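Thanks for making the time this morning. I would like to take you through one pocket and then through two neighbouring positions in a loop.

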Amino acid sequence: MRYVELRRHTDNEGDRLTPQGVADAEAIGRDGLHHPYAAFVSTGAARATQMLQILRHAADQDDVPITVASGLRSSVEDRWREAAAAAGKGSDVEAMREVNPDLVEKESQVLGTALRQIVDGLPEGGRALVVGHSPTNEAAVLGLADVVVARLGKGEGVLLIEDRGGFRVESLD
């Protein structure tokens, strides 16, 4: 089995965590980690990398590099924002699929492939901690595991478990 903890970054202003976002990441580091981790993965956004630095330090694994998986960051973020606005405040990927099925289907496959590469790079029994964004985290899970997860709030996440080629998803919180 291999495991991926997929989290949304905490509160931010622009591409940096706010003081509250830093405090929330530190709280997750104290109470919400399941280390050791074989990999720490960011989308490349500064806010995601900043959160990973906090979590990696809390796990006492500063010697493990943070890897960037830019494939977990959508190249059509404006289309996602439009779909989310049309679907309504707090909408999940399923609601966005009703508004823009082409976007969700295509992007879920692209994002799911990027998530699969992370899983495939883990050793048997290995665990990765990945910090990304909403709704692209949820779309990646849909594309890989064919599971619709509820919209992730800031700092929230899911645990993706690969077992004999199949996937299941559990809440981290």
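When I speak of contact, I mean heavy atoms within 4.5 Å. Please keep in mind throughout that this is a predicted model.

Let me begin with the largest pocket, which holds about 480 Å³ of space and has a lining of 21 residues, with Arg 8, Arg 81, Ala 84, Ser 134 and Pro 135 lying nearest its centre. Helix α3, residues 77-87, gives the largest share of that lining, namely four residues, and by character the lining divides into four nonpolar, nine polar and eight charged residues.

Now to the loop between β1 (2-8) and β2 (12-13), where we find His 9 and also Thr 10.

Is His 9 buried or exposed? Its relative accessibility is 5%, and because buried means under 20%, His 9 counts as buried. Its side chain makes a polar contact of 3.1 Å with the side chain of Arg 47. If we set aside neighbours within four places in sequence, the residues in contact with His 9 are Arg 47, Ala 48, Met 51, Val 131, Gly 132, His 133, Lys 154 and Gly 155.

Thr 10 has a relative accessible area of 1%, so Thr 10 is buried by that cut-off as well. Here the side chain reaches a backbone atom, the oxygen of Gly 21, at 2.8 Å. Not counting residues up to four places away in sequence, Thr 10 touches Leu 17, Gly 21, Asp 24, Ala 25, Ile 28, Met 51, Lys 154 and Gly 155. Met 51, Lys 154 and Gly 155 therefore appear in the contacts of His 9 and of Thr 10, with contact meaning heavy atoms within 4.5 Å.

Notes:
Residues numbered from 1 in each chain as written. Predicted model: local features only at pLDDT ≥ 70, side-chain atom pairs only at ≥ 80, totals over all residues. Heavy atoms only, no water. 1 Å grid on protein atoms, 1.4 Å probe; cavity = no way out; pocket = protein on both sides within 12 Å on 5 of 7 lines; lining within 4 Å. Points joined across faces, edges and corners; volume = space filled by probe spheres on them. Helix = DSSP H or I, 4+ residues; strand = E, 2+ residues; numbered from the N terminus. Nonpolar A, V, L, I, M, F, W, Y, C, P; charged D, E, K, R; others polar. Buried < 20%, exposed > 50% of the residue type's maximum accessible area, 1.4 Å probe, protein only. Polar contact = N/O pair within 3.5 Å; in protein donor to acceptor, adjacent residues only side chain to side chain.
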